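Reader: I would like to know what lies behind the labels used for this model. Please set each value against its cut-off.

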Amino acid sequence: MAYTLAQIAQQLGGCLFGDGEVLIDQISTLERATAGQISFLTNSKYHAQLANTGASAVILGEADADATDLPRIISENPYAYFARVSALLNPSTEIKPGVHPAAVVSEGAQIDPSACICATAVIGAGAVIGAHTLIGEGCSIGENVVIGCHVRLYPRVVIYHDCVIGDNLIAHSGVVIGSDGFGIAMDEGRWLKIPQIGRVVIGRDVEIGANTTIDRGALDDTVIEDGVKLDNQIQIAHNVRIGAHTAIAGCVGIAGSTTIGKYCQIGGSAGILGHLKIADRVVISSFTLIGKSIREAGSYAAIYPFAKTDDWRKNAVHLRHLDEMAKRLKTLEQEMCLLKQESQKGNTE
Amino acid sequence: MAYTLAQIAQQLGGCLFGDGEVLIDQISTLERATAGQISFLTNSKYHAQLANTGASAVILGEADADATDLPRIISENPYAYFARVSALLNPSTEIKPGVHPAAVVSEGAQIDPSACICATAVIGAGAVIGAHTLIGEGCSIGENVVIGCHVRLYPRVVIYHDCVIGDNLIAHSGVVIGSDGFGIAMDEGRWLKIPQIGRVVIGRDVEIGANTTIDRGALDDTVIEDGVKLDNQIQIAHNVRIGAHTAIAGCVGIAGSTTIGKYCQIGGSAGILGHLKIADRVVISSFTLIGKSIREAGSYAAIYPFAKTDDWRKNAVHLRHLDEMAKRLKTLEQEMCLLKQESQKGNTE
Amino acid sequence: MAYTLAQIAQQLGGCLFGDGEVLIDQISTLERATAGQISFLTNSKYHAQLANTGASAVILGEADADATDLPRIISENPYAYFARVSALLNPSTEIKPGVHPAAVVSEGAQIDPSACICATAVIGAGAVIGAHTLIGEGCSIGENVVIGCHVRLYPRVVIYHDCVIGDNLIAHSGVVIGSDGFGIAMDEGRWLKIPQIGRVVIGRDVEIGANTTIDRGALDDTVIEDGVKLDNQIQIAHNVRIGAHTAIAGCVGIAGSTTIGKYCQIGGSAGILGHLKIADRVVISSFTLIGKSIREAGSYAAIYPFAKTDDWRKNAVHLRHLDEMAKRLKTLEQEMCLLKQESQKGNTE
């Protein structure tokens, strides 16, 4: 699959400078690109790499339009343009319609003839599989699950009964959708299980990373809105709602019944406690625990800065005495105040 | 499945007030309940929702017995009562005894005739599967594993050879039980693997959340006692022992050879280092690392409080200088002491 | 399988003291060892256990050579010696060559006749499986994956297309290798997916714990060098490179494009941000976030010390006011300086 630079610009827009006939068959980094490849610059600090690149063409922002003589496309958003070029040059493999003989499809499941059910996948009774959807090897689709069109489930995704999956979902291997939420009640020294009778409902254009888990609701549903992007190994508890176009990095945990706004960005290994509300367009740093609702857009953090272990130990020991330090500081200020008064009195006497 | 309120009270206890003939077929939140549903109040701050609920009946604690005129059941522990009502109205689906033709059962495995082995499950030689136990699709049960009665393994659970599973276990999809512990010894610049020859032994009435992992012991066993409840994506290392009725929230990591007491509660994303002892009835906050043994029941925490990123940055920078701050504070106190002495001397002269 | 102590010393080296004819068939801890078992002492603080052990023989370091009269082997590195003895007494189960009839092998896959493909495993077109390699139940091996010799994949490992796996890999259940990295670009209010066209390339002698995930590269490859040991539930993002013989404990997250040196050790639940460089022989504590590159070998930490919740709360509140405290301290120092000058002036007048 190869395109001339002019063909790329024609399909994807942007301003073409230089030789439009150069043939492009792959995308690469400035550092590693070779002839026939296109690269991109999204940060002006990599100008040196641009000067030395082996790429046949580059994608640049407007500010860098003149930073090279190479054939180039100028775009307002060169990173998004790079994404589009890469998608053009690396289309998803086409799926082959049909049910593999080693798949197990229960009676009463409805599978669109354009869908592909791979070997060892199991489809429960009453499940509905939409057009052009791929159910990978070893996936387990529970009873009455409804899956939209153009969905791609990589091998070994599990979706429990009754969940609803919108169009274009991509779910990577090991994802579990609809497992029971962690609902228990203590009664006379034993935990009682609270049946989890809600569902997971997922909107359109969602992607879910490997080994991420999303629990079904206790009574109402757990909801993932349109365009949400989840990285690997995220845990989403029962009755969480994640607003449209929010992106969450790996290893984040979100506790039960928390609602997260739209267009939020949550850093890796962050955590959010239960029953909170997070506003739209909130940015949360990696490794930060959010323990209260956030009502305002903005950037929030709680990271303990690292140091050489000896320095860390010397400083961290005082964290157990901060309150005492604060009191001693206050005492000193009061004493200082008295001394200054006395001193002034002495001076004026 | 529907019951009158009187039938519910008869089966589950509690004091019935109002019309016992009202028919109940589902449980719901105060906010969303509709006719035919029962709801519950466990926190007096939701009285406003109680006033506006569409529920046909409610479950209340003794203090709230008169907070509504709706038909109601009064219970000492309304949250546990809610759990029981929900279980009554939402019984687990019955399992269909038998081995699916697409399951793979090794010779010499013993499967109770009342058990259900689903499609694509694989049962190893010498494994024993108890009565009324469900082995979900794609599960892998290793050689000589012994599984009790009324166990439910959701799809894609793996249990390695020789592990022992008590009655009533519920394990959600992606759980791995009995994988090798992380045992390595450095020898002349290379890591040697230490064979992990212990097992995992799990008591009765345990529940394990999706994608949680429990490693087998290095020499002795890893042990999960009766009634332990584990949420999703927890990592339990080799030779850990978790005491009965302890509940652990999602994403917690517990390092090797640590012993946790009974009736502990551990918050999400917390961690416990290896070779520690945690007493009974210890409560550990989310996001807290426990680096020393805890000998006393009580509540423990270590959370860095979050703030707007700019404020966090302004404050956090001083963490690298706390020791210096403490020293400067001490110096000031000494100087203050001298000045006060001088000042007093001056005053008395 | 049993050996005399003399046979063990002959095969594995070390200095034999006492009766070499004692027969050994298993290894155990000092505390639990019984007749016929060998134990080991790696820490002199366990001398009391040595005195009371039921073991028939022990492995000791040179400093402890005379700490018992039991038959014993003295080694420079008794922990590594223990690993070797355990491997001798507990050899891996032999694999049975052949493809199980319930496995699904695509046309064009090359499987060495000495390899074992278990039931319900699926092997993609163009995949190559090396000699003496075991592909466990339910594994999914993507198209054109190349797997070396003596590899052992436990049940339910997924390897996406085109990845390359070196000899002797051990991958535990639930491992996902080659899933898409978290590459997205915001464009007019929607996230665009960036195709992930790199691979995962894994060297020799690597071990990967249960439910660990390793994403494929965005453009270049994600690389795990020889001898790397990864515990359970680790997340390794796209384009990470992990240097040879580095060991990483459970639940660690490593963000995209970070390079980690050789012989590093990373504690449980630690995190490393993206685009960083970590030098060789860096040791990172559990629960520590590394937010900048580390250029020097050594030990680094960032752990908030835990306390009783009431004490923690009392102290932690001041973290939001550290900057103010630092300023107040500085003000006091200046005032003190002035007062001392005045006081001295007073004294000298």
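Author: Copies of a chain are superposed by least squares on the C-alpha atoms of residues with pLDDT of at least 70 in both. The model is predicted.

Reader: What makes the relation between chain A and chain C that of a three-fold axis?

Author: A rotation of 120° superposes chain A on chain C, with 0.0 Å of shift along the axis and an RMSD of 0.1 Å. That is the relation of a three-fold axis.

Reader: Why are Leu5(C), Ile8(C) and Ala9(C) placed on the same side of H1(C)?

Author: These residues of helix H1 (residues 5–12) of chain C are buried. They are put on the same side because they cover an arc of only 95° around the axis. Gln10(C) and Gln11(C), on the other side of H1(C), are exposed, and exposed requires over 50% relative accessible area.

Reader: Why are S10 and S36 of chain B said to stand at the edges?

Author: The open sheet has 9 strands in the order S10-S13-S16-S19-S24-S27-S30-S33-S36 (chain B), with parallel pairing. Strands S10 (110–111) and S36 (277–278) of chain B each have a single partner strand, so one side of each is left without a neighbour in the sheet.

Reader: How do you know that S16 and S19 of chain B pair?

Author: Pairing needs at least two bridges. Between S16 (residues 146–147) and S19 (residues 164–165) of chain B, which run parallel, there are 2 bridges, so the strands count as paired. Ile147(B) stands opposite Ile165(B) in S19(B).

Reader: Why is the contact of Glu296(B) and Lys308(C) called a salt bridge?

Author: The side chains meet at 3.2 Å, N to O, and the cut-off is within 4 Å, so the contact qualifies. Glu296(B) lies in a loop of chain B and Lys308(C) in strand S40 (residues 307–308) of chain C, so the pair joins two chains.

Reader: Why does Glu225(C) count as buried, and what is said of Lys262(C), its salt-bridge partner?

Author: The closest N and O atoms of Glu225(C) and Lys262(C) are 2.9 Å apart. The pair links distant parts of the chain, 37 residues apart. Glu225(C) has 16% relative accessibility; buried means under 20%, so the label holds. At 35%, Lys262(C) counts as partly exposed.

Reader: What makes Asp180(A), Lys193(A) and Glu207(B) one network?

Author: Salt bridges that share partners join Asp180(A), Lys193(A) and Glu207(B).

How values were computed. Residues numbered from 1 in each chain as written. Chains lettered and ligands numbered in written order. Predicted model: local features only at pLDDT ≥ 70, side-chain atom pairs only at ≥ 80, totals over all residues. Heavy atoms only, no water. Buried < 20%, exposed > 50% of the residue type's maximum accessible area, 1.4 Å probe, protein only. Helix = DSSP H or I, 4+ residues; strand = E, 2+ residues; numbered from the N terminus. Arc of directions from axis to C-beta.
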